[in-house]
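Hi,

Here is the structure I said I would pass on. Have a look at it first, and then read on for what turned up.

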Amino acid sequence: MLKITTWTEHEEVCLKLEGDLVGTWVRDLEECWRSNRSKGGGSGVCLDLTGVTRVDDAGRYLLALIQETGARMVSTG
């Protein structure tokens with residue numbers, strides 16, 4: 001399961017992820033990211049990955065794609 005919490009802070013759209021970024025939940029993150037990115041009107045994106053417990057190959061690919069667009073990522077460990 002993947003929980004995605006979104007909010008806007010200092011002209012940046014923030015997405016906090018909690019759980020497993022695997023399987024069909026990768027698609028859920030992609031849809032959420034694309035939707036919030038288009039609504040943001042050029043705002044930056046921040047992904048808080050501190051609550052992510054597992055990532056599969058598709059999840060890693062999506063995170064790399066998001067990072068290439070200039071997103072800021074926060075994590076531990």
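Let's begin with the core. The largest nonpolar core has 17 residues, and the ones that touch the most other members are L15, L21, L29 and I66. The elements giving two or more residues to this core are β2 (12–21), α1 (24–39), β3 (44–55) and α2 (57–68). Do keep in mind that this is a predicted model. If you want one residue to click on, try I66: leaving out residues up to four places away in sequence, I66 touches L29, W33, L47, A71 and M73.

Next, helix α1. Its 16 residues, at 1.5 Å a residue, should span 22 Å, and the C-alpha atoms at its ends are 23 Å apart, which agrees. The buried residues in α1 are V26, L29, C32, W33 and N36. These residues cover an arc of only 130° around the axis, so they sit on the same side of α1. Turn the helix round and, on the face away from that buried side, you find the exposed residues R27, S38 and K39. And what covers the buried residues of α1? The cover includes β1 (2–9), β2, β3 and α2.

N36 deserves a look of its own. This residue lies in helix α1 and has a relative accessible area of 14%, so N36 counts as buried, the cut-off being under 20%. Where does its side chain reach? The N36 side chain gets to the backbone oxygen of C32, at 2.9 Å. Not counting residues up to four places away in sequence, N36 also touches T6, V13 and L15.

Last, the cysteines. How many disulfides are there? The count comes to zero. C14 is in no disulfide, and its nearest cysteine sulfur, that of C46, is 4.7 Å away. Likewise, C46 is in no disulfide, with the sulfur of C14 as its nearest cysteine sulfur at 4.7 Å. A disulfide needs the two sulfur atoms within 2.5 Å, so a pair at 4.7 Å does not qualify. Are these two cysteines buried or exposed? C14 has a relative accessible area of 4%, so C14 is buried, and C46 counts as buried too, at 6% relative accessibility.

If you are short of time, start with I66 and its contacts with L29 and W33, then move along α1 to N36.

Cheers

Technical notes: Residues numbered from 1 in each chain as written. Predicted model: local features only at pLDDT ≥ 70, side-chain atom pairs only at ≥ 80, totals over all residues. Heavy atoms only, no water. Core = buried A, V, L, I, M, F, W, Y, C linked by side-chain atoms within 4.5 Å. Buried < 20%, exposed > 50% of the residue type's maximum accessible area, 1.4 Å probe, protein only. Helix = DSSP H or I, 4+ residues; strand = E, 2+ residues; numbered from the N terminus. Contact = heavy atoms within 4.5 Å. Polar contact = N/O pair within 3.5 Å; in protein donor to acceptor, adjacent residues only side chain to side chain. Expected span 1.5 Å × (residues − 1). Arc of directions from axis to C-beta.
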